[in-house]
Amino acid sequence: MMPMKAAGAIQWFFALSCIVLFGLMPCSSKAQGQNTGPAMDKDTILIVYLSRTGNTQAIAGIIHEEVGGTLVGLELKTPYPKDYQAIVAQVVREDETGYLPPLKTKIHDLQKYRTVFIGFPTWNMQLPPPVRSFLKAYNLSGKTVISFNTNGGYGTGSSFQEINKLCPDSTVLKGFSIRGGSERDGIHLAIKGEPD
């Protein structure tokens, strides 16, 4: 189970997304055990996420439970190393050179999706290179893009600004960020646990 603070923040984010997407039209809420109005069209929703330690995947799962749609985890053709210091060094090199790691993940029928949630951790105070790879490979023009982020307490860095830059012809809503684990400190999945 997730702490009440995290669950409440996610419900707030979900409600805000519904308001913006549907012009104050209520969305169904499984979390509260009630249906407060018409649900979003789940067939037009794509939830894409990158997760190394499980924090972003957990948030993606909660969003998926609330709005439905297609849930896709980004995978690389050549996975990052398991060692934390090795991945940090590799990501720094990728950021410095602009390298975009090739994705194993393929999205079929992208045209059917009108709303794309994009979830990612903060890496090197930037958007992770695999998310850049996704945004370069897939044209999200005309779609509504909703970003969500997990981080170890240092914030989102320039990641939300990068989403705006890489999606110039999309309607990009204000991103949502929540503190997850701190892999550097050996704290991985930190948004689970019993309510406070």
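A: A salt bridge is a side-chain nitrogen of Lys or Arg within 4 Å of a carboxyl oxygen of Asp or Glu. Keep that in mind as we walk through this structure, which is a predicted model.

Q: How many salt bridges does the structure hold?

A: Side chains of opposite charge can pair when their charged atoms come close. There are three salt bridges in this structure. In one of them, the side chains of Arg132 and Asp95 meet with 3.0 Å from N to O. Arg132 belongs to helix α4 and Asp95 to helix α3, so this pair ties together parts that are 37 residues apart in sequence.

Q: Are Arg132 and Asp95 buried or exposed?

A: The cut-off for buried is under 20% relative accessible area. Arg132 has 11%, so the residue is buried. Asp95 has 17%, so Asp95 counts as buried as well.

Q: Which residue forms a salt bridge with Arg132 at 2.9 Å?

A: That partner is Glu162, with 2.9 Å between the closest N and O atoms. The pair links distant parts of the chain, since Glu162 sits in helix α5 and Arg132 in helix α4, 30 residues apart. Both Glu162 and Arg132 are buried. Put the pieces together and you have one network, in which salt bridges with shared partners join Asp95, Arg132 and Glu162.

Q: Where does Lys104 lie, and where does its partner Glu75 lie?

A: Take the distance before the location: the closest N and O atoms of Glu75 and Lys104 are 3.9 Å apart, and the two form a salt bridge. Glu75 is in the loop between β2 and α3 and Lys104 in the loop between α3 and β3, so the pair ties together parts that are 29 residues apart in sequence. Check the surroundings too: Glu75 is partly exposed at 44% relative accessibility, while Lys104 is exposed at 53%.

Q: Let us go back to the helix that carries Arg132. How many residues of α4 are buried?

A: Helix α4 spans residues 129-137, and seven of its nine residues are buried, which leaves the helix mostly covered. Arg132 is among these buried residues, as are Pro129, Pro130, Val131, Ser133, Phe134 and Leu135.

Q: What do the buried residues of α4 pack against?

A: They pack against two strands, β1 (45-49) and β3 (115-121), and two helices, α3 (84-97) and α5 (159-166).

Q: Since β1 came up, which strand is joined to β1 by four bridges?

A: That is strand β2, residues 70-73; β1 and β2 run parallel. To find one bridge on screen, look for Tyr49, whose partner in β2 is Gly73. Helix α2 (residues 55-67) joins the picture here: β1, α2 and β2 make a β-α-β unit that is right-handed.

Q: On to the aromatic residues. How many aromatic pairs does the structure hold?

A: A pair of aromatic rings is described by the distance of the centres and the angle of the planes. The structure holds three aromatic pairs. For Tyr80 and Trp123, the ring centres are 5.4 Å apart and the planes stand at 75 degrees, so this pair is edge-to-face. Tyr80 lies in the loop between β2 and α3, and Trp123 in the loop between β3 and α4, so the pair ties together parts that are 43 residues apart in sequence. Both rings belong to buried residues: Tyr80 has a relative accessible area of 12%, and Trp123 has 13% relative accessibility.

Q: What kind of aromatic pair do Phe120 and Phe160 form?

A: Phe120 and Phe160 are also edge-to-face, with 6.1 Å centre to centre and 75 degrees between the planes. Here strand β3 supplies Phe120 and helix α5 supplies Phe160, so the pair ties together parts that are 40 residues apart in sequence. Phe120 is buried at 0% relative accessibility, and Phe160 is buried at 17%.

Q: One last case, Thr150. Which residue does the side chain of Thr150 make a polar contact with?

A: Thr150 belongs to strand β4, residues 144-151, and counts as buried at 3% relative accessibility. Its side chain makes a polar contact with the side chain of Thr56, at 2.6 Å. Leaving aside neighbours within four places in sequence, Thr150 is in contact with several residues, including Asn55, Ile59, Ile178 and the Phe120 you have just met.

Conventions:
Residues numbered from 1 in each chain as written. Predicted model: local features only at pLDDT ≥ 70, side-chain atom pairs only at ≥ 80, totals over all residues. Heavy atoms only, no water. Buried < 20%, exposed > 50% of the residue type's maximum accessible area, 1.4 Å probe, protein only. Contact = heavy atoms within 4.5 Å. Pairing = 2+ DSSP bridges. Right-handed = clockwise from strand over helix to strand, strands pointing away. Phe/Tyr/Trp six-rings, centres within 6.5 Å; stacked < 30°, edge-to-face > 60°. Polar contact = N/O pair within 3.5 Å; in protein donor to acceptor, adjacent residues only side chain to side chain.
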